[in-house]
Amino acid sequence: MGRSMDVEPETLKVLLVENNEDGYILVRNLLDEAPRSRFNLDWARDYEMAIQELDLQRHDAYLVDYDLKGRNGLDILREAIERGCRAPLVLLTAKSEPDIDIAAVRAGASDYLVKSEITPHLLERSIRYAIERKRAEETLKDSQHQLRHLSAELLHVQEEERKLIASELHGNLGQLLVAVKLGVENSLAH
């Protein structure tokens with residue numbers, strides 16, 4: 001009879017891009033209450049600090065507030081993707097706006113959450129699902145790259161095999177023609 005072992009959940013490293021301390025405290029408290037995962041939350045208070053952190057690529061996920069006083073979360077999403085950010089980005093906003101929701105997804109957001117509707121369970125699930133989707137995307141990209149490489153190798157091997165066969169056919173055919181020619185010349189000479 002096997003017994004289940006309690007496995008310590010991995011600690012996920014999350015960066016919150018939020019210019020308001022109250023927003024930071026809200027997210028920190030929600031993550032502290034997450035039922036299944038543990039989080040290490042870092043805080044970037046402005047756009048420039050966020051970009052510096054994104055460049056370090058040391059977080060498993062990024063929570064980005066839409067309203068960043070003068071800039072918005074969509075700007076960060078776009079810049080993060082341009083800079084090669086491989087971790088998922090979740091956009092947080094104060095109110096539900098369908099246009100921003102769609103723009104967020106088009107800009108590369110993994111999810112779009114309205115702060116007033118977020119529960120610890122919802123935030124945790126959004127982060128975990130975003131991370132898993134991103135991992136699956138990366139695995140798929142790696143598989144596609146590997147498949148392209150193997151296809152190119154196969155084409156190269158096939159081309160080399162064709163050249164070898166052509167060379168052998170040409171050499172054997174040439175020898176056969178020389179033998180036939182000599183045979184014909186010998187027959188004509190006698």
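# A walk through a five-stranded parallel sheet

The accessible surface of the protein chain comes to about 12,800 Å², and 52% of that area belongs to carbon and sulfur atoms. Please keep in mind as you read on that this is a predicted model. Of the 190 residues in the protein chain, buried ones make up 33%. The overall dimensions are worth a look too: the radius of gyration is 31 Å, whereas a compact globule of 190 residues would have one near 16 Å. Taken along the principal axes, the C-alpha atoms fill a box of roughly 110 × 60 × 30 Å. Among the contacts with a separation of 6 or more, 69% join residues that are 24 or more positions apart.

Now for the fold itself. The protein chain has five helices and five strands, and reading along the sequence gives the pattern β-α-β-α-β-α-β-α-β-α. The five strands form an open sheet with parallel pairing, in the order β2-β1-β3-β4-β5. At its edges are β2 (38–44) and β5 (111–114), each of which pairs on one side only. From one strand to the next, the twist averages 25°. Helix α1 (residues 21–32) packs on this sheet, where α1 touches β1, β2, β3 and β4, and its direction makes about 170° with that of β2.

A good place to step inside is strand β3, residues 61–65. What are its neighbours in the sheet order? They are β1 and β4. Strand β1 (residues 11–17) pairs with β3 in the parallel sense over four bridges, and one pair of bridge partners is Val-17 and Val-64 of β3. Strand β4 (residues 89–93) also pairs with β3 in the parallel sense, over four bridges. Here Leu-63 stands opposite Val-90 in β4, while Val-64 stands opposite Leu-91 in β4. Val-64 therefore has a partner named on each side, Val-17 and Leu-91; as a general point, strands of a sheet pair through backbone hydrogen bonds, either parallel or antiparallel.How covered is β3? Five of its five residues are buried. On one side these are Ala-61, Leu-63 and Asp-65, and on the other Tyr-62 and Val-64, so that both faces are covered, with buried meaning under 20% relative accessible area. The strand also takes part in a right-handed β-α-β unit, made with helix α3 (residues 73–82) and β4. In its place over the sheet, α3 lies across β1, β3 and β4 and runs at about 175° to β4.

Finally, let us visit the loops on either side of β3. Most residues other than glycine have a negative phi, yet each of these loops holds an exception. Gln-57, in the loop between α2 (47–56) and β3, has a positive phi near 50°. Lys-69, found in the loop between β3 and α3, likewise has a positive phi near 50°. Are these two residues buried or exposed? Gln-57 is partly exposed, with a relative accessible area of 40%, and Lys-69 is exposed, at 65%.

Notes. Residues numbered from 1 in each chain as written. Predicted model: local features only at pLDDT ≥ 70, side-chain atom pairs only at ≥ 80, totals over all residues. Heavy atoms only, no water. Buried < 20%, exposed > 50% of the residue type's maximum accessible area, 1.4 Å probe, protein only. Helix = DSSP H or I, 4+ residues; strand = E, 2+ residues; numbered from the N terminus. Pairing = 2+ DSSP bridges. Right-handed = clockwise from strand over helix to strand, strands pointing away. Axes fitted to C-alpha atoms, helices over the stretch in contact; angles between N-to-C directions. Contact = heavy atoms within 4.5 Å. Rg over C-alpha atoms; globule rule 2.2 N^0.38 Å. Areas by Shrake-Rupley, 256 points an atom, 1.4 Å probe, with all protein chains shown as cover.
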